[in-house]
Amino acid sequence: MRSTIQFGPQHPVWIEPLRLKLTMDGEIVKDVELEAGYVHRGLEKKFEWDYNKGAYLSERICGICTQHHSTCYCLAVEGTMKLEITRRAAVIRTIMLELERLHSHLLAIGLTLEAIGFENLFMLCFRNREIVLDVFERTTGNRVLHGINIVGGVTRNIGPEMAKEIMDFCDLIEKRCHDLESMIAHSYTIRERMKGVGVLTKQVALDYSVVGPIARGSGVPFDVRTAAPYLLYNELKLKPIVEEGCDVWARSIVRVRELFQSIDLIRQLVPLLEGLPDELAAKSKTLPEGDAFARVEPPRGELFYFARGKKSKEMDRIKVRTSTYANGPALVPVIKGCHLADVGVITISYDPCIGCFDR
Amino acid sequence: MMNVKIVTQQEIQDIARRLKASPETRLITIVGTDAGANIEVTYFFHTGVGRTEEYRVVVPKQGGNEEIEGISHIWPAAYVAENEVSEMFGVKIKDVPGRFFLHGSITAPLRRKTP
């Protein structure tokens, strides 16, 4: 006999509201209906205001990848104004983006482990994440919403002392991440719980155009940092991290391996600050006009901003396509046919951000 | 930076089919914009390292009775974006319900009055 289960909108495994209507045959999910929009705030309409305030607003779309949102917004608007930012501003932005990937991946790994009952490892991940937030506090003055991006550059500098602090931080976090990696990668229980669960095949990943660790965990080597380099990524040594497992385990291992990639990128970036003039922001002599778009690679996958200016301070249109917007629909083919007990861990392995999804 | 080609509804179907055949190509998203007398529906594709293609279908406003062909039967990735264009701009798109994020009581919030 078939029955229907409402999974969400409020469910302990998710932090934010999303609803899955599951049609069950015993313990097996036969059909899924995805419903979003519970935290829709109409932000795309709100963006039709002063372009200088847009970076502030874009940070508030998501509480985790705030720096990526404001950077992508600024890149798109700078594209409509044909504005080049200074090299120092580009280095600072890129360092912040990689720091953000570190704390977001630690959060995602922690939440995935919590979903399968490993609360101690969850706390360990959050303890490690805390020192990343401390670095944010030291460099930007803010732990979550950093507020350093403006159209044309950044507002806060990274001086030589702070650069040394960041390098010391890299040594500390690398050691802690190695400890974490050995605990996860060598754990028989975690591997057996995650392997073979929530299989998203490469073809389905391509059909749904999924992004980020979800795509890379399914063997699709798509990373905007290499596929369409922005800021300084074309100068850095970087290769997309790909796993072929297509399951929850593969997605989690991609995130674990990307922790070390981000640490390596920060180590490549900090020396680039040496000898650069302290010019943080470039001023534009023109107003936004015409269409432009920008793409960046947040921790969850490709983020896209489309901007249209009308030769006025107010923007004509801003469109935001977030990572979960691309990944959310691909939950449906994965959940179909799985056990009810796996729905939580599958959805959390997508690292869903419903605030981003709904905007 | 953007090199948008204006195409017809039939042409975008053929383009979507052609691009779908390549494993390197991804649909980035579909963006709706209100340009006064027309609604513009712009399709963004990633076609390889450092390459994108952008196509635009221009839909003249007809008092809320506009309808266009969808591509979600070719690219399942287009499903949410097509629904969003439909609910935000009031342009019906074939084969999708036209509701995803918004409550049924809200009608086309991003559509502007025709001057």
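This is a walk through a predicted model with chains A and B, from one sheet to the helices, then to the contact between the chains and the hairpins of the second chain.

Let us begin close to the start of chain A, with an open sheet of three strands in the order β1-β2-β3, paired antiparallel. Strands β1 and β3 of chain A stand at the edges with a single partner strand each, so one side of each is left without a neighbour in the sheet. Averaged over neighbouring strands and with direction ignored, the turn of one strand against the next is 20°. Helix α14 of chain A, residues 340-349, packs on this sheet and touches β1, β2 and β3 of chain A. The direction of α14 makes about 150° with that of β2(A).

Now look at the pairings themselves. Strand β1 (residues 2-7) of chain A is joined to strand β2 (residues 19-25) of chain A by six bridges, and the two run antiparallel. To find this pairing on screen, go to A:Phe7, whose bridge partner in β2(A) is A:Leu20. On the other side, seven bridges connect β2(A) with strand β3 (residues 28-35) of chain A, again in the antiparallel sense. Here A:Lys21 has A:Glu33 as its bridge partner in β3(A), and A:Leu22 has A:Val32. The strands β2(A) and β3(A) make a hairpin with two residues between them, and A:Gly26 in the turn has a positive phi of about 70°.

From the sheet we can move on to a pair of helices. Helix α3 (residues 66-81) of chain A packs against helix α4 (residues 87-115) of chain A at an angle of about 145°, and their axes are 8 Å apart. The crossing of α3(A) past α4(A) is left-handed. On the α3(A) side the contact is made by A:Gln67, A:His68 and A:Thr71, and on the α4(A) side by A:Arg93, A:Met96, A:Leu97 and A:Glu100. By class, the residues of this contact are two nonpolar, three polar and two charged.

It is worth staying with α3(A) for a moment. Its 16 residues reach 23 Å from the first C-alpha to the last, close to the 22 Å expected at 1.5 Å a residue. The helix α3(A) is mostly covered, with 16 of its 16 residues buried. Just after α3(A) comes A:Lys82, whose phi is positive, near 50°.

Further along the chain, A:Ala163 sits in helix α6 (residues 160-185) of chain A. Is A:Ala163 buried or partly exposed? A:Ala163 has 19 other C-beta atoms within 10 Å, and because a residue counts as buried at 20 or more, A:Ala163 is partly exposed. Setting aside neighbours within four places in sequence, A:Ala163 is in contact with A:Ile158, A:Val270 and A:Leu273. A:Ala163 and A:Arg267 are 104 residues apart in sequence, yet their C-alpha atoms are 9.9 Å apart in space.

A useful counterpart is A:Cys246, in the loop between α10 (224-227) and α11 (248-269) of chain A. This residue is not a glycine, although its phi is positive, about 65°. A:Cys246 is buried because 22 other C-beta atoms lie within 10 Å.

Next comes the place where the two chains meet. In chain A, 28 residues are in contact with 22 residues of chain B. Several elements of chain A supply at least two residues each to the side that touches chain B, including α8 (202-207), β6 (289-296), β7 (303-310) and β8 (315-321). That side of chain A has 13 nonpolar, six polar and nine charged residues.

Finally, turn to chain B. Eight bridges link strand β2 (residues 26-34) to strand β3 (residues 38-48) of chain B, running antiparallel, and B:Thr29 has B:Phe44 as its bridge partner in β3(B). Their hairpin has three residues between the strands, and B:Gly36 takes a positive phi near 90°. Strand β3(B) also pairs antiparallel with strand β4 (residues 51-60) of chain B, over ten bridges, with B:Gly48 opposite B:Arg51 in β4(B). This second hairpin has two residues between its strands, and B:Gly50 in the turn has a positive phi of about 75°.

One last stop is B:Ala108, in the segment after β6 (92-93) of chain B. B:Ala108 is a residue other than glycine with a positive phi, near 40°. B:Ala108 counts as partly exposed, with 17 C-beta neighbours inside 10 Å.

How values were computed: Residues are numbered from 1 along each chain as its sequence is written. Chains are lettered from A and ligands numbered from 1 in the order in which they are written. This is a predicted model: local features need pLDDT of at least 70, side-chain atom pairs count only at pLDDT 80 or more; totals for chains, interfaces and linings use all residues. Helices (H or I, at least four residues) and strands (E, at least two) are DSSP runs, numbered from the N terminus. A residue is buried if 20 or more other C-beta atoms lie within 10 Å of its own, exposed if 12 or fewer, and partly exposed in between; C-beta atoms are placed from the backbone. Two residues are in contact if their C-beta atoms, placed from the backbone, lie within 7 Å. Two strands pair if DSSP finds at least two bridges between them. Ala, Val, Leu, Ile, Met, Phe, Trp, Tyr, Cys and Pro count as nonpolar, Asp, Glu, Lys and Arg as charged, and the others, Gly among them, as polar. Axes are lines fitted to C-alpha atoms, for helices over the stretch in contact, and angles run from 0 to 180 degrees between N-to-C directions. A crossing is left-handed if the near helix is turned anticlockwise from the far one by less than a right angle, and right-handed if clockwise. The expected span of a helix is 1.5 Å times one less than its number of residues.
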